[in-house]
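Here are my comments on the model you asked me to look over, set out as numbered points.

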Amino acid sequence: MTIHVPAPLRSFTDQKAVLDLPARTVGEALAELVARHPELRRHLYGEDGRLRSFVNLYLNDQDIRYLEKEATAVEEGDTLSIVPAVAGGLEE
């Protein structure tokens, strides 16, 4: 499976924007990702070991929260995108 890493997190993946990792589920893909790039763990997971609420994951353009979350099965050729939430707005 292929993981797309957003620009703000690439400093933790040796500037790699795309990584190919073996996995059967989204959770396995994330575990492999942080095993290879341990500094990412604190940006993706809270101290309780849960995925941070502001980290959005899309498997082939579908939000995993509406699938089976980290237990969502993945197949060869699937793409997982990490999309950090963006906050802010326009002051008037």
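The points below take up the sheet, two backbone angles, the nonpolar core and the largest pocket of what is a predicted model.

1. On the sheet: the model holds an open sheet of 5 strands, whose order is β2-β1-β5-β3-β4 and whose pairing is mixed. Strands β2 (18–20) and β4 (62–63) stand at the edges with a single partner strand each, so one side of each of them is left without a neighbour in the sheet.

2. On the pairing of β3 with β4: these two strands run antiparallel and are joined by 2 bridges, and Y58 is found opposite D63 in β4. The loop between β3 and β4 holds N60, a residue that returns in the next point.

3. On the backbone angles: most residues other than glycine have a negative phi, and two residues here deserve a second look on that account. D14, in the loop between β1 (2–4) and β2, has a phi near 55°, which is positive although the residue is not glycine. N60 likewise has a positive phi, near 50°, in a residue other than glycine.

4. On the accessibility of those two residues: D14 has a relative accessibility of 60% and therefore counts as exposed, the cut-off being over 50%. N60, by contrast, has a relative accessibility of 37%, so this residue counts as partly exposed.

5. On the nonpolar core: the largest one has 21 residues, and those that touch the most other members are I3, V26, L33, L44, L57, L80 and I82. The elements that contribute two or more residues to this core are α1 (26–36), β3 and β5 (79–84), and the most comes from α1, which gives 5 residues.

6. On L44, one of the core residues just named: once its neighbours within four places in sequence are left aside, L44 is in contact with L9, L33, V34, R50, L51, R52, V55 and I82. Among these partners, R50, L51, R52 and V55 also appear in the lining of the largest pocket.

7. On the largest pocket: its volume is about 210 Å³, and its lining consists of R50, L51, R52, S53, V55, N56, L57, D63, I64, R65, K69 and E70. Strand β3 (residues 55–59) supplies the largest share of this lining, with 3 residues. Sorted by class, the lining has 6 charged, 4 nonpolar and 2 polar residues. D63, listed in this lining, is the residue of β4 that stands opposite Y58, while L57 belongs both to the lining and to the core residues with the most contacts to other members.

Definitions and conventions: Residues are numbered from 1 along each chain as its sequence is written. This is a predicted model: local features need pLDDT of at least 70, side-chain atom pairs count only at pLDDT 80 or more; totals for chains, interfaces and linings use all residues. Side-chain values use heavy atoms; hydrogens and water are left out. On a 1 Å grid over the protein atoms alone, a cavity is a set of points where a 1.4 Å probe fits but cannot get out, and a pocket is an open set with protein on both sides within 12 Å along at least five of seven lines; lining residues have an atom within 4 Å of a point. Grid points are joined across faces, edges and corners, and a volume is the space filled by probe spheres set on the points. Helices (H or I, at least four residues) and strands (E, at least two) are DSSP runs, numbered from the N terminus. Ala, Val, Leu, Ile, Met, Phe, Trp, Tyr, Cys and Pro count as nonpolar, Asp, Glu, Lys and Arg as charged, and the others, Gly among them, as polar. Two strands pair if DSSP finds at least two bridges between them. Buried means under 20% relative accessible area, exposed over 50%, partly exposed in between (1.4 Å probe, protein chains only). A nonpolar core is a set of buried Ala, Val, Leu, Ile, Met, Phe, Trp, Tyr and Cys residues joined through side-chain atoms within 4.5 Å. Contact means heavy atoms within 4.5 Å.
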